[in-house]
Structures are given as structure tokens and as C-alpha cells.
Amino acid sequence: MQFLRAAAFLLAGLSGALPAWAGDLTLLMVEQPGCNHCAAWHAEVGPEYPVTAEGRAAPLQRQDLRADLPDGVTLVSPPVFTPTFVLLDDGQEVARLEGYPGEDFFWGLLSGMIRDAGGQIEG
């Protein structure tokens, strides 16, 4: 099976397209100015997020609560609370965390979301 996946990636690279199962995970953080919990996340997690295994598995994309969604992003429902963390697989919502429960809980919840979505967390 590993050989077949490697061959598919090689062929996809040659043709310029990736197979449908080669989804890209992204963590969409929906926030708004004046959000104290957003500020806490940025202070406690934000600086280290890009260099963590979770940050590599699902790079962060920030989104203002009142702005239009980026092209290609589809959510199950509009976010109401900030921060709301939406795990996207090729632009489609696959999991959501509303609010910021603090750094200790955030990492465990995010890791579970990524694993449930089929993502690999490699440390």
C-alpha cells in the first residue's frame, strides 16, 4: 500500500494534481478585535504554534469573525463565538473547537481533532 501511495504522489506530481485522499489540514482561527480569549491564545500558544507538530500538521490561518470566508472554505455553520478554531480538510470543516480552554487543554483537544481527521502528528 505504501508503494501505491508513493507511486500516486509521483504520478500526481508529474501531472500537477494531488489525489483526493492527499488532503491538506488547516486550522482556521476565527477571532475579533477586543477578544480577551483570543489575546490569551496569542500570548500562550501563538508564538510556538508554527513550530509544533500540531502546527506543522495543520498550519494556522487567521480569520476575522465579520469578514467573508476565503474562497474554497466551507463551514458547517457560521462561527458565533471567538475564538473558534475550525479544522479544515481541503477547505471543508471537519472539526470545531469553540472558545479557548487554556493552553493545557487546547493542545490535547487539537491533537485529537487532527488525529480524528486522519492527520499525522509527528514530533
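In the predicted model, W41 has a relative accessibility of 0% and therefore counts as buried. The ring of W41 pairs with that of Y49 in a tilted arrangement, with 6.0 Å between the centres and 55 degrees between the planes. Y49 is likewise assigned as buried, because its relative accessible area of 2% falls under the 20% limit. A further aromatic pair joins Y49 to W107; this one is stacked, at 6.1 Å centre to centre and with 15 degrees between the planes. The stacked pair connects distant parts of the chain, since Y49 lies in the loop between α2 and α3 and W107 belongs to helix α4, 58 residues apart. W107 has a relative accessibility of 15% and so also counts as buried. The structure holds 7 aromatic pairs, and ring pairs connect W41, Y49, F85, Y100, F106 and W107 into a cluster.

The protein chain contains 4 helices and 4 strands, arranged along the sequence in the pattern α-β-α-α-β-β-β-α. Of its 123 residues, 37% count as buried. When contacts between residues at least 6 apart in sequence are considered, 57% of them join residues at least 24 apart.

Helix α4 comprises 14 residues (residues 103-116). At 1.5 Å a residue a span of 20 Å is expected for α4, and the end C-alpha atoms are 20 Å apart, so the two values agree. The buried residues of α4 are F106, W107, L110, S111, M113 and I114. These residues cover an arc of only 160 degrees around the axis, which means that they lie on the same side of α4. D104, F105, R115 and D116, on the other side of α4, are exposed. The buried residues of α4 pack against three strands and two helices, namely β1 (25-31), β3 (84-89), β4 (92-98), α2 (36-44) and α3 (53-57). Two of the residues buried in α4, F106 and W107, are also members of the aromatic cluster. α4 is followed by G118, whose phi is positive, near 90 degrees.

Among the strands, β3 is paired with both β1 and β4. β1 and β3 run antiparallel and are joined by 6 bridges; within this pairing, T26 stands opposite L88 of β3. The pairing of β3 with β4 is also antiparallel and extends over 6 bridges, and V86 has R96 in β4 as its bridge partner. β3 and β4 form a hairpin with 2 residues between them. One residue of the turn, D90, has a positive phi of about 50 degrees. Of the 6 residues of β3, 5 are buried, so this strand is largely enclosed by the rest of the structure. In a regular strand, side chains alternate between the two faces of the sheet. In β3, burial extends to 5 of the 6 residues, and the buried residues of α4 are among the elements packed against this strand.

The loop between α1 (2-15) and β1 contains D24. D24 has a relative accessibility of 49% and therefore counts as partly exposed, the limit for exposed being over 50%. Leaving aside residues up to four places away in sequence, D24 touches L88, D89 and D90. Of these contacts, L88 is the residue that stands opposite T26, while D90 lies in the turn of the β3-β4 hairpin. D24 and G119 are 95 residues apart in sequence, yet their C-alpha atoms are 8.7 Å apart in space.

The structure holds 1 disulfide, formed by C35 and C38 with their sulfur atoms 2.5 Å apart. The torsion about the S-S bond is about 80 degrees, so the disulfide is right-handed. Both cysteines are buried: C35 has a relative accessible area of 11%, and C38 has a relative accessibility of 3%.

Methods. Residues numbered from 1 in each chain as written. Predicted model: local features only at pLDDT ≥ 70, side-chain atom pairs only at ≥ 80, totals over all residues. Heavy atoms only, no water. Expected span 1.5 Å × (residues − 1). Buried < 20%, exposed > 50% of the residue type's maximum accessible area, 1.4 Å probe, protein only. Arc of directions from axis to C-beta. Contact = heavy atoms within 4.5 Å. Phe/Tyr/Trp six-rings, centres within 6.5 Å; stacked < 30°, edge-to-face > 60°. Disulfide = S-S within 2.5 Å. Pairing = 2+ DSSP bridges.
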